[in-house]
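Please open the model in a viewer and keep the residue numbering at hand. The tour proceeds by selection, one region at a time.

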Amino acid sequence: MNADGMNEERTVIRILIADDHPVVREGLRGMLGAEPDLTVVGEADSGPRAEALCASLRPDVVLMDLRMPDGGGVESIARMTAAGLPSRVIVLTTYETDGDILRAVEAGAAGYLLKDMARAELAEAVRSAARGETVLAPSVAARLMDQLRDRPERPRLSERETAVLRLVAQGCTNAEIGRRLFIGESTVKTHLLRAFGKLGVDDRTAAVTSAMRLGLL
């Protein structure tokens, strides 16, 4: 109640949980549901299912596992980022390898947390992400800083160029990439040519190989 005796309307943060383990989803739903300003609006057991629900439900925050059927969480994050979905995606996983962390952040993740964190910490991280902040587990932040400090200067690909190259790496043709990203085939070719120029290569295979070597995919 505010100073005028009026009830203040509480802003509720809407959350989508993406994890292929039912017990984990149930636990997260119970933990987050105990917070008055947080609500779980959907659950997904795979990356593609998470993408579809994110597009239809438009949650404020998505808690995304990395290891799920039908493609990993990083690929789904990249596609959601490329599609311009407004949800803030937090990786919530048991894995904290250097490659996983960097790929998730580069794909567009707003945070990277570990599943052993306390309920209060997770709830506050969700609130921070919803406010537009980046949330990282302390051990993850330290590893990410070490990686960035030790890496040589590298080309900067746009989000769309990265998304196109990720699909190339999955074996998609230009036409398939266009359908999945909802852009024309000629636009796909333009993004590829720009990526080729930045990477100093002249074909698709070399572009994917170079991008992976540089940690861009």
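Select H7 and H9 in this predicted model: the two helices are roughly perpendicular to each other, because their axes cross at roughly 95° and an angle of 65 to 115 degrees counts as roughly perpendicular. H9 spans residues 185-199, and its axis comes within 9 Å of that of H7.

Display the side chains at this contact. From H7, show Arg160, Glu161, Val164, Leu165 and Val168; from H9, show Val188, His191, Leu192, Arg194, Ala195, Lys198 and Leu199. Coloured by class, the contact of H7 with H9 comprises seven nonpolar residues, one polar residue and four charged residues.

Keep H7 (residues 159-169) in view and add H8 (residues 174-181). These helices pack at an angle of about 130°, and their axes lie 10 Å apart. That angle makes H7 oblique to H8. The crossing of H7 and H8 is right-handed.

Which residues bring H7 and H8 together? On the H7 side they are Arg160, Ala163, Val164, Leu167 and Val168, which meet Ile177, Arg180 and Leu181 of H8. The residues of the contact of H7 with H8 divide into six nonpolar and two charged, with no polar residue. Arg160, Val164 and Val168 of H7 thus appear in the contact with H8 and also in the contact with H9.

Next, select H3 (73-82). Is this helix mostly covered or mostly uncovered? H3 is mostly covered, with eight of its ten residues buried. To highlight the buried set, choose Gly73, Val74, Ser76, Ile77, Ala78, Arg79, Met80 and Ala82. Around them, show H2, E3, E4, H4, H7 and H8, against which the buried residues of H3 pack. After H3 comes Gly84, whose phi is positive, near 75°.

Now turn to the largest nonpolar core, which has 27 residues. Select Val62, Met64, Ile77, Met80, Val91 and Tyr112, the residues with the most contacts inside this core. Ile77 and Met80 are also among the buried residues of H3. To trace the elements that each supply at least two residues of the core, show strands E1 (13-18), E3 (61-64), E4 (88-93) and E5 (111-114), together with helices H2 (47-57), H3 (73-82), H4 (98-107) and H6 (138-150).

Finally, select Val164, Ile183, Leu192 and Leu214, which are included in a second, separate core of 23 residues. Val164 and Leu192 return the tour to its starting point, as both take part in the contact of H7 with H9.

Notes: Residues numbered from 1 in each chain as written. Predicted model: local features only at pLDDT ≥ 70, side-chain atom pairs only at ≥ 80, totals over all residues. Heavy atoms only, no water. Axes fitted to C-alpha atoms, helices over the stretch in contact; angles between N-to-C directions. Helix = DSSP H or I, 4+ residues; strand = E, 2+ residues; numbered from the N terminus. Parallel < 35°, antiparallel > 145°, perpendicular 65-115°, else oblique. Left-handed = near helix turned anticlockwise from the far one by under 90°. Contact = heavy atoms within 4.5 Å. Nonpolar A, V, L, I, M, F, W, Y, C, P; charged D, E, K, R; others polar. Core = buried A, V, L, I, M, F, W, Y, C linked by side-chain atoms within 4.5 Å. Buried < 20%, exposed > 50% of the residue type's maximum accessible area, 1.4 Å probe, protein only.
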